Amino acid sequence: MTIRTRFAPSPTGLLHVGNARAALFNFLFARHHGGEFLLRIEDTDKERSTQRAVDVIFDGLAWMGITADAEPVFQSARQDRHTEVALELLAKGEAYKCYCTPEELTAMREKAMAEKRPPRYDGTWRDRDPSEAPEGAPYVIRLKAPREGETVIKDLVQGEVRVANVEMDDLIILRSDGTPTYLHAVVCDDHDMEITHVMRGDDHLTNTFRQAMIYRAMGWDLPHFAHLPLIHGPDGAKLSKRHGAQSVVDFREEGYLPEALCNYLLRLGWGHGDAEVLSREEQIKLFDLDGVGRSPSRMDYVKLAHLNGVWMRQADDERLTNDVLERLQGREGVVADDRTRARVLAMMSGLKERAKTLVELTDNAAFAGFTLPLTFTPKAEKLLDENGRKVLEGVGHDLAALPDFTAEAIDGALRAYAEKNELKLGSVAQPLRAAMTGSTTSPGIDLTLAALGRDEVLARIASVLSA
């Protein structure tokens with residue numbers, strides 16, 4: 001048996017972290033077992049489905065490195081097949097036409113609630129003679145739910161879960177306008193796509209019992225189900241907008257690397273010993289459902305930022321520099337040209353040690369493209385007092401005289417100046433750093449000055465001294 005999993009989002013909004021984690025788990029499970037991972041866009045809700053949402057899904061998955069093994073299936077293109085299965089169930093006597101009007105259904109629900117019963121359909125048309133049907137009246141097709149016994153799902157995460165069949169009513173599989181319902185379409189699609197494992201959020205567990213009735217009525221084998229616990233906010237409440245970033249696009253915009261987000265989402269509800277930082281290859285090697293817990297997970301943005309910092313320090317300097325330059329485009333007071341790019345690249349090994357997100361990295365690197373005169377933070381201004389300016393004037397003279405403007409030569413010149421003037425090295429480096437960056441943070445001052453180049457360093461010193 002070839003294991004086949006699928007990710008089946010509805011294109012009615014953003015790709016949220018819960019869906020993104022489900023996609024990742026399905027992808028890793030298929031790869032781990034040498035199977036296939038498929039993508040299905042469940043776009044039957046024509047009013048709410050948009051092309052923009054489809055594009056966001058594709059873009060988000062591509063950014064996360066989650067690739068399907070076949071072209072995506074669009075559920076809306078399979079409506080004829082959904083109808084065919086519904087009519088087959090009707091012909092087999094496993095389903096029936098229901099002619100209840102909206103008013104009758106409302107009265108039915110109100111009566112049940114008044115009698116303190118669950119407001120379910122009461123089976124009015126289940127066993128009636130079709131000859132009693134009102135001529136030309138609209139109808140829906142309902143599945144005949146079993147009324148005795150129980151339905152058992154052997155879930156690969158939740159364990160064995162049961163529900164009494166009397167708790168389930170005759171669900172609609174085809175609406176009066178001829179369109180299939182979501183629960184029916186999903187079963188048809190999963191069967192035809194030969195999906196062996198359905199892995200999704202545990203908020204779908206109730207749906208699974210109802211879908212199992214369709215599988216059994218058609219005589220189809222059920223796939224294996226694995227219902228994943230939901231992701232909650234840091235406070236334990238259901239994840240919502242008030243908790244901050246919750247979609248893949250949000251995380252990308254806020255400066256997280258895809259490998260960091262995937263690594264974090266993997267560890268959010270799955271574990272393998274003490275393993276924390278895992279490459280994609282290691283994830284595929286280790287991932288299986290026995291490591292998935294049953295309890296909801298809590299988003300920890302502090303931990304995510306820490307993990308992102310770990311991945312940034314491992315990331316290629318060229319790649320990070322390209323990301324920074326892209327984010328600097330259009331920023332006021334910054335020239336994001338090839339010269340700035342070269343400066344950022346030269347400092348990247350030091351810059352990435354001090355940042356946890358690409359946003360932080362970009363902010364810290366922006367001084368490489370600043371135009372004169374610089375704007376200074378209050379702390380930087382304090383360093384550029386009379387003593388600081390005196391240091392700049394003296395050390396600027398020594399830097400101008402260097403035969404080679406390398407980090408090693410600069411370090412030697414700064415140490416020599418500090419020793420000659422009986423100063424601590426920090427008393428020399430701090431006003432220099434303020435003059436170069438407008439702030440009090442940067443990579444090592446020798447690396448910073450070398451990256452900026454002699455002409456720019458002397459120009460920035462002169463700008464401070466002339467102010």
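This tour moves through a predicted model of one protein chain, selection by selection.

**Domains**

Begin by colouring the chain by domain. Domain 1 combines residues 1-69 with 228-313, domain 2 covers 75-182, domain 3 covers 315-367 and domain 4 covers 376-464. Place a distance between the C-alpha centres of domain 2 and domain 4: the separation is 78 Å.

**The 'HIGH' region and helix 1**

Select residues 9-19, which UniProt, in an unreviewed entry, lists as the short sequence motif "'HIGH' region". This stretch is 27% helix and 0% strand, and its end C-alpha atoms lie 7 Å apart.

Next, select residues 17-32, which form helix 1. From its first C-alpha to its last, helix 1 reaches 22 Å over 16 residues, close to the 22 Å expected at 1.5 Å a residue. Is helix 1 mostly covered or mostly open? Helix 1 is mostly covered, with twelve of its 16 residues buried. Among these buried residues are Val 17, Arg 21, Leu 24, Phe 25, Asn 26, Leu 28 and Phe 29. Step just past the helix to Gly 34, where phi is positive at about 65°.

**The nonpolar cores**

Show the side chains of Phe 287, Leu 361, Leu 399, Leu 414, Leu 432 and Leu 449. These residues have the most contacts inside the largest nonpolar core, which holds 95 residues. Helix 1 supplies the largest share of this core, ten residues.

Keep Phe 287 selected and display its surroundings. Setting aside residues up to four places away in sequence, Phe 287 touches Phe 25, Leu 28, Phe 29 and His 32, together with Met 199, Leu 266, Trp 270 and Val 292. Of these partners, Phe 25, Leu 28 and Phe 29 are also listed among the buried residues of helix 1. A second core, separate from this one, has 30 residues and includes Ala 95, Ile 153, Ile 195 and Met 218.

**Cysteines**

Now select the cysteine sulfur atoms. How many disulfides does the structure hold? The structure holds zero disulfides. For Cys 100, the closest cysteine sulfur is that of Cys 98, and no bond is assigned because the 3.8 Å between them is too far. Cys 100 is buried, with a relative accessible area of 13%. Cys 262 is buried as well, with a relative accessible area of 1%.

**Helix 4**

Move to residues 102-114, which make up helix 4 and contain Arg 109. Arg 109 counts as partly exposed, at 39% relative accessibility. Add Pro 119 to the selection: although Arg 109 and Pro 119 are ten residues apart along the chain, their C-alpha atoms are separated by 4.6 Å.

**Unusual backbone geometry**

Three backbone positions come next. Most residues other than glycine have a negative phi, and most peptide bonds are trans.

Select Glu 194, in the loop between helix 5 (182-192) and strand 9 (197-201). Glu 194 is not a glycine, yet its phi is positive at about 60°. Its relative accessible area of 48% makes Glu 194 partly exposed.

Then go to Glu 422, in the loop between helix 16 (407-420) and helix 17 (425-437). Here too a residue that is not a glycine has a positive phi, of about 55°. Is Glu 422 buried or exposed? Glu 422 counts as exposed, at 76% relative accessibility.

For the peptide bond, select Leu 372 and Pro 373, which are joined in the cis form with omega about -5°. Pro 373 lies in the loop between helix 13 (358-365) and helix 14 (378-383).

**The annotated C-terminal stretch**

Finish with residues 332-464. An unreviewed UniProt entry places the feature "domain: Aminoacyl-tRNA synthetase class I anticodon-binding" at these residues. The stretch is 67% helix and 0% strand, and its end C-alpha atoms are 20 Å apart.

Within these residues, select Arg 343, found in helix 12 (residues 338-351). Which residues is Arg 343 in contact with, leaving aside its neighbours within four places in sequence? The contacts are Ala 368, Ala 451, Leu 452, Glu 456 and Arg 460. With 5% relative accessibility, Arg 343 counts as buried.

Note on methods. Residues numbered from 1 in each chain as written. Predicted model: local features only at pLDDT ≥ 70, side-chain atom pairs only at ≥ 80, totals over all residues. Heavy atoms only, no water. UniProt positions renumbered as here; feature names shortened; annotations may be inferred. Helix = DSSP H or I, 4+ residues; strand = E, 2+ residues; numbered from the N terminus. Expected span 1.5 Å × (residues − 1). Buried < 20%, exposed > 50% of the residue type's maximum accessible area, 1.4 Å probe, protein only. Domains from an automatic or database assignment. Disulfide = S-S within 2.5 Å. Core = buried A, V, L, I, M, F, W, Y, C linked by side-chain atoms within 4.5 Å. Contact = heavy atoms within 4.5 Å.
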